[in-house]
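Let's take a stroll through this one together, going from how some helices pack to where the empty space sits. Have the model open and turn it as you read.

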Amino acid sequence: MAMPVLAASYLGPALKPNSDEAWDEALLPLSADALVQEIMGQPLRRAGRFIKLVCCGALTCLKSVPPEDLKDKKIGIFLSTGLGNVDEILPFIKQVFKHDGGFPSPMQFANSVSNAAAFFLAKICEVKGVVLTISQEELSFESALWLAQSYLESGAIDLALVGGCDVFTPTVADYRERMNLTADNARELAMGEGSSWLLVGNSSGKKLGEILAVEFPDKLMSPQGFSRSKIIGKNCAEFLSATTGNAGISLTGVRPHLLAGFRVQEVDAENWRRLGWIIEDYLPSCGIHPTAAAFGLARAMLGPENAFYIHYNCQGSGKQALVAAFTE
C-alpha cells in the first residue's frame with residue numbers, strides 16, 4: 001500500500017530545520033537549547049539532548065500541517081534510532097557499573113529508558129495512539145516506515161509520524177567504532193547527526209508525495225559488493241521496474257533520482273547518468289549517522305515536484321533496504 005506523505009522535515013548537524021547549512025565536524029555537538037526555544041517556545045526540562053532533537057524535529061514536521069487536518073485523527077509515533085540515547089545511557093552505565101554500584105539520579109534513569117524520547121514526544125503532541133521506538137542499526141528508519149505501513153493498512157491508526165534520530169556522541173573515533181565504519185564498508189565522510197520526520201497516512205489535505213514501497217531483499221550483499229555500483233544499480237533498476245509497474249506509474253520522460261546510503265562506497269555519477277539516473281547526494285548535508293536515510297527522504301519530499309526517488313541502503317552485515325518515493 002502506498003503511503004501519502006502529508007508533511008516532512010529534516011534537521012542536520014547545523015540544527016537549522018529544513019536547511020543544508022554548512023557545519024563543522026570538529027565543533028559538534030552544538031547546543032540544542034536555542035533550537036528548543038525556537039521550535040517549542042520554552043525550555044524542555046528534565047530532557048537530554050537526544051530527546052530535545054527528537055521533539056524539535058518531529059514538531060517541525062507536525063507544525064507544517066493545518067491543525068484541522070490532524071483533528072480527531074488517531075496518530076501513531078514510530079521513532080527510529082540506530083544508537084539511541086547514548087549521551088544519557090553512558091553516564092547511567094558508568095554510575096551503576098564503574099562506581100561500586102552507586103545510585104543514578106532519577107533524570108539519568110528516565111532519560112536512559114529506550115522509549116523515553118518517544119514518550120516525551122507523545123506527551124507534548126497529546127498523541128494517544130501506538131508509540132514505538134525501532135532500532136535496526138542503519139536500517140532503522142526503513143524498518144519504522146515498514147512497520148508504520150502495517151499499522152496503517154490494519155486501520156489501527158489514521159496517520160503515522162515516522163522519524164529517525166541519532167545524535168553525535170564524542171569522540172569521532174568512538175562514534176565510528178560504534179557504527180563499525182571502516183575504509184572497506186563505508187564512504188569517507190564526516191560524522192554527523194539528524195532528526196528527520198515524515199507524516200504519512202490518508203488525509204483530505206494536500207500531500208507532498210507518496211512512499212510507494214519499502215522492501216528488504218532476502219539476498220545479502222557481500223562486503224565486496226559495497227563498492228560495486230553495477231550490482232547496486234541492478235538491484236535498484238529491478239526495484240524501480242517492479243514498483244512503478246505495481247503502482248501503474250509511467251516513467252516516460254522522467255529520470256529517477258538515486259539516494260545512496262553511506263555504505264555505498266562508490267557513487268559513480270557519470271555511470272549512473274548513462275543508465276538514466278540522477279544522483280542526489282544528501283550525505284554531505286547531514287554527515288554519517290545511522291538514520292541518515294530519514295534525512296535524505298524527508299529532504300527529497302521537500303524538493304522538486306514530480307520526481308521519482310529510490311533510496312538504497314545497506315547494513316554492514318549485508319542486509320539491504322530499498323524505498324521508492326514520488327513527489328507531487
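What follows looks at two helix pairs and then at two pockets. Keep in mind that this is a predicted model.

A good place to start is helix 2, which runs over residues 49-62. How do helix 2 and helix 6 pack? Their axes sit 9 Å apart, at an angle of about 40°, with helix 6 covering residues 116-125. Angles under 35 degrees would count as roughly parallel, so this pair is oblique instead. As for handedness, helix 2 and helix 6 make a right-handed crossing.

Now zoom in on the side chains there. Helix 2 brings Phe-50, Ile-51, Val-54, Cys-55, Ala-58, Leu-59 and Leu-62 to the contact. From helix 6, the partners are Ala-116, Ala-117, Phe-120, Leu-121, Ile-124 and Cys-125. Sort the residues of this contact by class and you get 13 nonpolar, with no polar and no charged ones.

Helix 2 has another neighbour to look at: helix 1, residues 33-40. Here the angle is about 35° and the axes are 10 Å apart. The crossing of helix 1 with helix 2 is left-handed. On the helix 1 side you'll find Asp-33, Leu-35, Val-36, Ile-39 and Met-40, and they meet Lys-52, Cys-55, Cys-56, Leu-59 and Thr-60 of helix 2. This contact has seven nonpolar residues, one polar and two charged. Notice that Cys-55 and Leu-59 turn up again: both are in the contact with helix 6 and in the one with helix 1.

On to the empty space. The largest pocket holds about 280 Å³. It has 13 lining residues, and closest to the centre are Leu-62, Leu-70, Ile-75, Cys-125 and Val-127. Two of those names should ring a bell, since Leu-62 and Cys-125 also belong to the contact between helix 2 and helix 6. Helix 2 and helix 3 (67-70) each give at least two residues to the lining. By class, this lining counts nine nonpolar and four charged residues, with no polar ones.

Which residues lie nearest the centre of the second largest pocket? They are Lys-219, Ile-231, Asn-235, Glu-238 and Gln-320, out of 13 that line this pocket. Its space comes to about 240 Å³. Helix 9 (229-247) and strand 10 (320-327) each supply at least two lining residues, and helix 9 has the largest share, with five. The lining of the second largest pocket is made up of six nonpolar, three polar and four charged residues.

Conventions
Residues are numbered from 1 along each chain as its sequence is written. This is a predicted model: local features need pLDDT of at least 70, side-chain atom pairs count only at pLDDT 80 or more; totals for chains, interfaces and linings use all residues. Side-chain values use heavy atoms; hydrogens and water are left out. On a 1 Å grid over the protein atoms alone, a cavity is a set of points where a 1.4 Å probe fits but cannot get out, and a pocket is an open set with protein on both sides within 12 Å along at least five of seven lines; lining residues have an atom within 4 Å of a point. Grid points are joined across faces, edges and corners, and a volume is the space filled by probe spheres set on the points. Helices (H or I, at least four residues) and strands (E, at least two) are DSSP runs, numbered from the N terminus. Ala, Val, Leu, Ile, Met, Phe, Trp, Tyr, Cys and Pro count as nonpolar, Asp, Glu, Lys and Arg as charged, and the others, Gly among them, as polar. Axes are lines fitted to C-alpha atoms, for helices over the stretch in contact, and angles run from 0 to 180 degrees between N-to-C directions. Angles under 35 degrees count as roughly parallel, over 145 as roughly antiparallel, 65 to 115 as roughly perpendicular and the rest as oblique. A crossing is left-handed if the near helix is turned anticlockwise from the far one by less than a right angle, and right-handed if clockwise. Contact means heavy atoms within 4.5 Å.
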